[in-house]
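This report describes the fold and selected residues of one protein chain. It begins with the burial of individual residues and then turns to the helices and the cysteines.

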Amino acid sequence: MAIRTVSPFDPDNEVKPVIAFDDAPTSVGDGQKSRRSLKVDSPARLFGFSDPDEIKKNVRAKILGEEKTYDVHDLYWETGCSQFIAKHYIFENVTLAVISLNAVYIGVDTDWNKDVPMSASSSRDLTDSPIGFFACEQAFCVYFTIEWIVRFCAFRNKCDCFFDAWFVFDSIMVILMVGETWVILIVMEAMGITGGSPLGN
């Protein structure tokens, strides 16, 4: 086995391998031992430290603003209807507007959807609510469900959904809304249960 050392730096100040081990072919029976070499990318990596060049690149990228930030759009398909809708600024702005309207509606529903408005009594159940409140509940549930489906279809790799915090949060909210607005009412109707949703309003 031959050991040869290599200068860690070249004239251009680029890091070179520090040491390399070469096993010359030796006869073993009818065959030969294969040549083996060990190469180290930089002197720092030889001792288990971070590569200084890599650190410099990261610092330079951060200072110059070249560091790539997380953008969920990078996980979407590059072509297709779903990704086009999900990336469009109108879709995003409309969704934010609907979220704001839903927050306002929750306050209105809490104060006015009851036998004595603005009182400390509990709100009516969805099945007992006036048509206006019932329609609003259905409209919000429909929109958020469609919005979730569009965003889900836009993901190139569906497993990436589980690593996007906002999508996971929205998924939980949609599941709860669909369960309260549709699933519970369908189950109650199928079982002939009356007297309001077991979840309340």
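A residue counts as buried when its relative accessible area is under 20%, as exposed when that area is over 50%, and as partly exposed in between. T181 has a relative accessible area of 1% and is therefore buried. The coordinates discussed here are those of a predicted model.

## Overall architecture

The protein chain contains six helices and five strands. Read from the N terminus, its elements follow the order β-β-β-β-β-α-α-α-α-α-α. The chain has 201 residues, of which 26% count as buried. Its accessible surface amounts to about 14300 Å², and carbon and sulfur atoms contribute 64% of that area. Among contacts in the chain with a separation of 6 or more, 45% are made by residues 24 or more positions apart.

## Helix α6

Helix α6 covers residues 165-191. Its 27 residues should span 39 Å at 1.5 Å a residue, and the C-alpha atoms at its ends are 37 Å apart, so the two values agree. The helix nevertheless has a bend of about 45° at G179. G179 is itself one of the buried residues of α6, a set that also includes F167, D170, V174, M177, V178, I184 and M188. The buried residues of this helix pack against α4 and α5. Just beyond the helix, G192 adopts a positive phi of about 70°.

Three positions within α6 illustrate its buried side chains and their surroundings.

T181 belongs to this helix. Apart from residues up to four places away in sequence, T181 touches L126, E137, Q138 and C141. Of these partners, E137, Q138 and C141 are listed among the buried residues of α5.

L185 is also located in α6. Because its relative accessibility is 16%, under the 20% limit, L185 counts as buried. Beyond its neighbours within four places in sequence, L185 contacts L126, T127 and E180. The C-alpha atoms of L185 and T127 are separated by 8.0 Å, although the two residues are 58 residues apart along the chain. L126 is thus a contact of both T181 and L185.

S171 lies in α6 as well, and its relative accessible area of 13% makes it buried. A polar atom of the S171 side chain is 2.7 Å from the backbone oxygen of F167.

## Helix α5

Helix α5 has 24 residues, and its first and last C-alpha atoms are 35 Å apart, close to the 34 Å expected at 1.5 Å a residue. Its buried residues are F133, E137, Q138, F140, C141, F144, T145, E147, V150, R151 and A154. The elements that cover these residues include α3 (81-87), α4 and α6.

## The loop between α4 and α5

The loop between α4 (89-112) and α5 (131-154) contains M118. Most residues other than glycine have a negative phi. M118, by contrast, has a positive phi near 65°. With a relative accessible area of 53%, M118 is exposed.

D125 occupies a place in the loop between α4 and α5. Its relative accessible area of 11% places D125 among buried residues. The C-alpha atoms of D125 and N113 are 8.8 Å apart, with their positions 12 residues apart along the chain.

## Cysteines

How many disulfides does the model contain? The count is zero, with a pair of cysteine sulfur atoms required to lie within 2.5 Å. C153 takes part in no disulfide, and the nearest cysteine sulfur, that of C161, is 9.3 Å away. C161 likewise is in no disulfide; its nearest cysteine sulfur belongs to C159, at 8.1 Å. C153 is partly exposed, with a relative accessible area of 33%, whereas C161 is buried at 3%.

## Accessibility of selected residues

The table collects the relative accessible areas of residues discussed above.

| Residue | Relative accessible area | Class |
|---|---|---|
| T181 | 1% | buried |
| C161 | 3% | buried |
| D125 | 11% | buried |
| S171 | 13% | buried |
| L185 | 16% | buried |
| C153 | 33% | partly exposed |
| M118 | 53% | exposed |

Definitions and conventions. Residues numbered from 1 in each chain as written. Predicted model: local features only at pLDDT ≥ 70, side-chain atom pairs only at ≥ 80, totals over all residues. Heavy atoms only, no water. Helix = DSSP H or I, 4+ residues; strand = E, 2+ residues; numbered from the N terminus. Buried < 20%, exposed > 50% of the residue type's maximum accessible area, 1.4 Å probe, protein only. Contact = heavy atoms within 4.5 Å. Areas by Shrake-Rupley, 256 points an atom, 1.4 Å probe, with all protein chains shown as cover. Expected span 1.5 Å × (residues − 1). Bend = angle between axes of the 7 residues up to and from the residue. Polar contact = N/O pair within 3.5 Å; in protein donor to acceptor, adjacent residues only side chain to side chain.
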